[in-house]
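Biologist: I am new to reading models of this kind, and I would like to look slowly and carefully at one part. Could you take one helix that we choose together, and then set it in its surroundings?

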2 protein chains.
Amino acid sequence: MKQKERMVPTVKDVAREAGVAVGTVSKVINGKPVGDEYKKKVEAAIKKLDYRINSYAQGLKASKTYTVAVLVPNTANPFFGELAHELNFALSKRNYRMYLCCTDYDFRLEQEFINMVQMNKVDGIIGLTYSPDIVVDESLPFVSIDRPFSQGIPCISSDNYNGGLIAAEKLCELGCRKLVFFRNGSPLINEPNKRASGFEAGCIHNNIDYDIVSVDDPEDPVPTFKKYISDHIKKGKADFDGVFCVTDSLACIIMEMLAEHDIYAPNDIQIIGFDGIKHFATGKPYCSSIAQPIADLAEVAVDTLLRESNSVKPPLICLPVEYLEGPTTKQTR
Amino acid sequence: MKQKERMVPTVKDVAREAGVAVGTVSKVINGKPVGDEYKKKVEAAIKKLDYRINSYAQGLKASKTYTVAVLVPNTANPFFGELAHELNFALSKRNYRMYLCCTDYDFRLEQEFINMVQMNKVDGIIGLTYSPDIVVDESLPFVSIDRPFSQGIPCISSDNYNGGLIAAEKLCELGCRKLVFFRNGSPLINEPNKRASGFEAGCIHNNIDYDIVSVDDPEDPVPTFKKYISDHIKKGKADFDGVFCVTDSLACIIMEMLAEHDIYAPNDIQIIGFDGIKHFATGKPYCSSIAQPIADLAEVAVDTLLRESNSVKPPLICLPVEYLEGPTTKQTR
DNA sequence: TTGTATGCGTTATCAT
DNA sequence: ATGATAACGCATACAA
């Protein structure tokens, strides 16, 4: 039974069916000029046989695959989940496919995935990565999110410094007298770590007292923060009245800790987070926040990646952030 | 400059470098028996040239791509975000790559993506889809999540019927006298719609009074639910005291509506949702809920998809759900 | 304009 | 056990 039983049709089959040559079929497929009669016959044959191009054969020939690999830590996290969604949107708008890899902050996985997709001849990689020594082929376009690399790799990021600045300014404007910045995160040099610098600058500029409580990644941040908080509460009252947290996630955790001391936002204390996460059902912000423009980040990352071929690569693109009023600061009328 | 400037090395290059034939190289790569001397030489050459297999060439030859396509509506939704994450985990554990498509509930996009990945010769598709008339090639393994298809397509789902049953039982056990089930969703025949049936069965079995308030997809569910609620509140008191919602998301929305009438869970009313969504930062449930085993769903979906080749296809696999005690029901001691 | 032949990188089938 | 060669499906350069 050499007969192709349930064989998927190829250009050859289409050509035979249409009574033309394979070259002609190829031209029709790719929209190259072809005689009208031929075109019709070929199109009919394609429909009849339900022919689909084989992108593997195509990719082999063209070494262009219309596929981009995306690395994020974990789509179960709302920020990364939305980022993945927006990247997917930006890519599919341009008719690109997206390989997704959730790295779970695992350095080894990050590198393994990059190796894997390099075999797969992706047209580029967009990565929000943590491994200190990612190695990616020079010739493969790479765009980093939130983390600068030394080489000619573009980094797309929110304007974190300015976000920190805005947070400090806002808390001052809202009447706070003593601010605290809580931060947990990676010890890497990355963009989000500029939130602290911006915050400090804002505090100094407003000549306000402040503390910075910072914890690097591997440790469990909870005890450090808990200790700071209980150390700074006397008689049920905190000696700080404004809090800026490096993420909304941390803001929620800090709020829980404060609640144990019967301290609540926005009356006892005002809190601003970072990211602008919205409640999954109601769409309301969990806390006042510096909101990141996730859709824009995705759009710019994809645009930068795909246009990269011939233009110069900007080392860093910062997108504007915005103050998002939520339930943890006093109303600004 | 015919010289391959920054050409990526192929088996040929490796063969030349190692002074052997291409066939030998291929055998080494694929772990086929090869003389020890040759093997060493080849491996050295591979390392020296930093050779990587070209999966496109491999896929063309083998028509096996170690790639699976996944369709979900939107990874920004925590349920789908976690599902995508777990599917990714289950796939990468087996050394499979994952194409992700966020469909945004768009029927056209669903079909377009399926067409696209069929060109890409994926080894299978896992889809949580809504389009009533998905057409996917017979020969391409397809596993559906939460939605049965008529043909021999396996459907993986939580035990939705039983979840509804458990919810009703639980509310009775907690002392409720009159239950309401709120539901919005797709008019399709899908698994989640069995939550209502299970709930009804539970109510009947417990001989308790109940209402079902159901809204199909396209409409905005808010007004219908709002109306039901205000119609059933007299003098600040609702004439129902137990609520089961088709999702946690809806449960949150209903809680907001009730809050406008100064009715709060768990004291004035007890509420159970469905899905078991946890707060992104604190990890606490938003509401008492029937929790879906997302990781198991993913694992079983992938396993079913990849083993499918030769065994019989089960039409429906239901995974057990679990009652998750949250802040919206009274403590069970 | 259309048809033919060659090559992309890999693997499998042969001879050796 | 190893080396040469054909074939996978497509696109393109070249010949007709």
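What follows is a close look at helix 10 of chain A, and then at the parts around it.

Biologist: Which residues of helix 10 of chain A are buried, and which elements do the buried residues of that helix pack against?

Modeller: Before anything else, please keep in mind that this is a predicted model. Helix 10 of chain A has 13 residues, and from its first C-alpha to its last it reaches 19 Å, which is close to the 18 Å expected at 1.5 Å a residue. The buried residues of this helix are A:Asp248, A:Ser249, A:Leu250, A:Ala251, A:Cys252, A:Ile253, A:Ile254 and A:Met255. As a general point, an α-helix has 3.6 residues a turn, so residues three or four places apart point the same way. The partners against which the buried residues of helix 10 of chain A pack are strand 6 (178-185), helix 9 (221-231), strand 10 (242-245), strand 11 (270-275) and strand 12 (288-291), which belong to chain A. After the helix comes A:Asp262, a residue whose phi is positive, near 65°.

To see where the helix sits, we can step back to the chain. Chain A has 11 helices and 14 strands, and its domain assignment gives domain 1 (11-53), domain 2 (67-158 + 294-319) and domain 3 (160-293). The centres of domain 1 and domain 2 of chain A, taken over C-alpha atoms, are separated by 37 Å. Along its principal axes the C-alpha trace of chain A spans about 90 × 40 × 40 Å, and its radius of gyration is 26 Å, whereas a compact globule of 333 residues would have a value near 20 Å. Of the 333 residues of chain A, 47% count as buried, and among the contacts with a separation of 6 or more, 69% join residues that are 24 or more positions apart.

Helix 10 of chain A also has a part in the contact with chain B, to which chain A contributes 41 residues and chain B 42 residues. On the side of chain A that touches chain B, two or more residues come from each of helix 4 (55-62), helix 5 (78-93), strand 2 (97-102), helix 6 (107-119) and helix 10 (248-260) of chain A. Helix 5 of chain A gives the most to this side, with eight residues, and the residues of the side divide into 20 nonpolar, 15 polar and six charged.

Helix 4 of chain A, which appears in that list, leads us on to the DNA. With five residues, helix 4 of chain A gives the most to the surface near DNA strand D, and 25 residues surround that strand, the closest being A:Thr10, A:Ala57, B:Ala21, B:Gly23 and B:Gly35. The surface near DNA strand D divides into 14 nonpolar, nine polar and two charged residues. Around DNA strand C there are 26 residues, of which A:Ala21, A:Gly23, A:Gly35, B:Val11 and B:Ala57 come nearest. Here helix 4 of chain B gives the most to the surface, with five residues, and by class the surface near DNA strand C has 14 nonpolar, nine polar and three charged residues.

Terms used. Residues are numbered from 1 along each chain as its sequence is written. Chains are lettered from A and ligands numbered from 1 in the order in which they are written. This is a predicted model: local features need pLDDT of at least 70, side-chain atom pairs count only at pLDDT 80 or more; totals for chains, interfaces and linings use all residues. Two residues are in contact if their C-beta atoms, placed from the backbone, lie within 7 Å. Helices (H or I, at least four residues) and strands (E, at least two) are DSSP runs, numbered from the N terminus. Ala, Val, Leu, Ile, Met, Phe, Trp, Tyr, Cys and Pro count as nonpolar, Asp, Glu, Lys and Arg as charged, and the others, Gly among them, as polar. A residue is near a molecule or strand if its C-beta atom, placed from the backbone, lies within 6 Å of it. The expected span of a helix is 1.5 Å times one less than its number of residues. A residue is buried if 20 or more other C-beta atoms lie within 10 Å of its own, exposed if 12 or fewer, and partly exposed in between; C-beta atoms are placed from the backbone. The radius of gyration is taken over C-alpha atoms; the globule rule is 2.2 Å times the number of residues to the power 0.38. Domain bounds come from an automatic or database domain assignment.
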